[in-house]
Amino acid sequence: RNFLPGKQSENRFDMAYIEQSSRNHTYKYRLGRQTGTGGGAPGRFDGVLAGYSFTPSWRVNGVIGSPVEFSLGGVASGSKKDFAGVSVDIAPPSYPWSGNGYFIQQRVGGIVDRRAVGMEAHYFDMQRNLMGLFEYDTLFKKINLGMLQGNWTAAGNTNYNVLVDRRRTPTLQYSNAIIGQPVDSVAALLQSGVSMDTIRADALALSPISNMFAIGVNRPYSPRLTISGDFRVSNLSGTGATSTGQPSTPGIGNTYSYSVQVTGKNLFLENDYGVVNATYTSSKTYKGQSLAFTQVETLRQNWRVDVMLMFYNQNDVFGTNQKQIRPSLRVNYRLNNSVNLEGEGGIEQINTSSAFQN
């Protein structure tokens with residue numbers, strides 16, 4: 001509820017469902033507003049998800065519902081979308097790998113909006129785990145998503161991780177063509193005389209590609225200290241010109257991020273916890289440096305104190321410098337086993353200076 005005068009409230013009702021499964025886990029269903037857990041289902045939807053295990057290794061699932069898309073003032077306007085999908089899981093009990101394949105189709109206003117096939121694969125053992133996702137859109141005949149993530153724990157509990165991710169943002173669908181349009185549905189575009197081929201081309205032009213690569217390492221330095229570091233590079237392609245005159249926009253070039261973090265426990269008092277993080281970020285439009293500190297202390301068992309401090313400095317290609325400092329303090333007191341009292345306060349100071357302002 002937004003109590004500011006003249007402002008709309010936002011309905012972000014997040015989740016409400018009923019779930020039932022058999023004791024031997026042969027069947028399971030979930031009915032209501034829920035979060036998609038794979039198989040190409042949207043991130044949040046109203047509907048039903050059901051699955052049945054024919055054997056300990058094989059399971060078939062079905063899902064049907066309507067995506068929930070939040071926007072200012074409630075659920076996004078326009079024609080209602082609905083989708084249906086089916087997936088097959090394979091998870092041999094005596095093997096470290098598992099996976100599934102799925103098919104999903106979404107309609108909007110009676111028109112097929114999205115149709116895709118995909119697969120997920122997982123591998124887990126005591127030292128490593130790998131997860132891969134791949135999805136191909138059969139309407140656009142384009143790859144919608146490709147992702148590979150892995151973790152490996154070597155001798156001395158040193159952990160290495162890597163992530164490669166390439167995806168369309170937003171997901172390929174015909175309704176992307178109405179982005180920036182005065183109409184709010186694909187049906188309205190068709191009624192105005194726009195062909196499906198043109199809608200498809202506009203939707204593709206307004207679905208840029210996001211890329212990310214990350215690699216990191218985490219190593220215990222001592223029983224009290226752990227040191228980690230990671231490197232990330234990401235970019236987002238531009239959008240193309242559309243049939244309605246929307247101009248093309250350039251992509252965001254590579255953004256590089258280098259981070260080092262030191263985590264400590266039992267440094268000053270028993271059961272305390274501290275983190276120091278330093279990050280350097282560089283792109284073609286700005287460079288930034290941040291230093292963050294967090295310390296958590298438990299006092300006399302019932303008191304917990306969190307101290308946080310963050311510095312940030314940024315310079316961009318327009319000659320603008322920005323400095324931020326954010327100290328904050330959170331105190332928690334456990335009155336008894338049922339009641340906790342918590343208070344928090346902080347300050348944020350931002351100084352921006354350039355040739356035109358200070």
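**Strands, a nonpolar patch and salt bridges**

Student: In the hairpin of β8 and β9, which residue takes a positive phi?

Tutor: Happy to start there, with the reminder that this is a predicted model. The hairpin of β8 and β9 has two residues between its strands. The positive phi, near 60 degrees, belongs to G109.

Student: How many bridges join β8 to strand β9?

Tutor: Let's place the strand and its direction before we count. β9 covers residues 111-124, and β8 and β9 run antiparallel. One of the bridges pairs F103 with V117 in β9. The number of bridges joining β8 to β9 is 12.

Student: And on the other side of the pairing list, how many bridges do strand β7 and strand β8 share?

Tutor: β7 spans residues 81-90 and β8 spans residues 97-108. These two strands also make a hairpin, with six residues between them. Their pairing is antiparallel, and its bridge count is 10.

Student: Which residue in β8 is the bridge partner of V88?

Tutor: V88 has its bridge partner in β8, a strand that pairs with β7 in the antiparallel sense. The residue you want in β8 is G101.

Student: Good, now the surface. What is the area of the nonpolar surface patch that includes Y221 and F293?

Tutor: Besides Y221 and F293, the patch is made by I227, V260, V262, V276, L291, V307, F311, I325 and L329. The elements giving two or more residues to this patch are β15 (252-265), β17 (286-299), β18 (303-316) and β19 (321-334). Its area is about 880 Å².

Student: Why does V307 count as partly exposed?

Tutor: V307 sits in strand β18. Partly exposed residues fall between the buried limit of under 20% and the exposed limit of over 50%. V307 belongs in that class because its relative accessible area is 34%.

Student: What is the relative accessibility of V260?

Tutor: V260 is placed in strand β15. The value for V260 puts it in the partly exposed class, for which the upper limit is 50%. For V260, the number is 47%.

Student: How far apart in space are V260 and A278, C-alpha to C-alpha?

Tutor: In sequence, V260 and A278 are 18 residues apart. Setting aside residues up to four places away in sequence, V260 touches S228, G229, V276, N277 and A278. The C-alpha to C-alpha distance between V260 and A278 is 5.4 Å.

Student: Let's turn to charges. Which residue forms a salt bridge with R114?

Tutor: The structure holds 13 salt bridges, and R114 takes part in one with its closest N and O atoms 2.8 Å apart. The pair links distant parts of the chain, from strand β9 to strand β10 (residues 128-137), 21 residues apart. The partner of R114 is E135.

Student: Is R114 buried or exposed?

Tutor: R114 lies in strand β9 and has a relative accessible area of 6%. That value is under 20%, the limit for a buried residue. Its partner E135, at 5%, counts as buried too. So, with 6% relative accessible area, R114 is buried.

Student: Which backbone oxygen does the side chain of R114 reach?

Tutor: The R114 side chain makes a polar contact with the side chain of E135 at 2.8 Å. Beyond its neighbours within four places in sequence, R114 also has contacts that include I104, Q105, D137, N144 and T171. The backbone oxygen that the R114 side chain reaches, at 3.3 Å, is that of G40.

Student: What is the N to O distance where the side chains of D306 and R304 meet?

Tutor: D306 is buried at 5% relative accessibility, whereas R304 is partly exposed at 41%. Their side chains meet in a salt bridge with an N to O distance of 3.0 Å.

Student: How many residues apart in sequence are E344 and R330?

Tutor: The side chains of E344 and R330 meet in a salt bridge at 3.5 Å, N to O. E344 lies in strand β20 (residues 340-346) and R330 in strand β19, so the bridge ties together parts of the chain whose separation in sequence is 14 residues.

Student: Last one: which residues are linked with R304 and E344 in a network of salt bridges?

Tutor: E344 is exposed at 53% relative accessible area, and R330 is partly exposed at 23%. The network with R304 and E344 also takes in D306 and R330.

Methods. Residues are numbered from 1 along each chain as its sequence is written. This is a predicted model: local features need pLDDT of at least 70, side-chain atom pairs count only at pLDDT 80 or more; totals for chains, interfaces and linings use all residues. Side-chain values use heavy atoms; hydrogens and water are left out. Two strands pair if DSSP finds at least two bridges between them. Helices (H or I, at least four residues) and strands (E, at least two) are DSSP runs, numbered from the N terminus. Patches are made of residues with over 30% relative accessible area and no salt bridge: like charges are joined within 9 Å, nonpolar side chains (Val, Leu, Ile, Met, Phe, Trp, Tyr) within 5 Å. Accessible areas come from the Shrake-Rupley method with a 1.4 Å probe; for residues, only the protein chains shown count as cover. A salt bridge is a side-chain nitrogen of Lys or Arg within 4 Å of a carboxyl oxygen of Asp or Glu. Buried means under 20% relative accessible area, exposed over 50%, partly exposed in between (1.4 Å probe, protein chains only). Contact means heavy atoms within 4.5 Å. A polar contact is a pair of N or O atoms within 3.5 Å; within protein, one must be able to donate a hydrogen and the other to accept it, and residues adjacent in sequence count only if both atoms are side-chain atoms.
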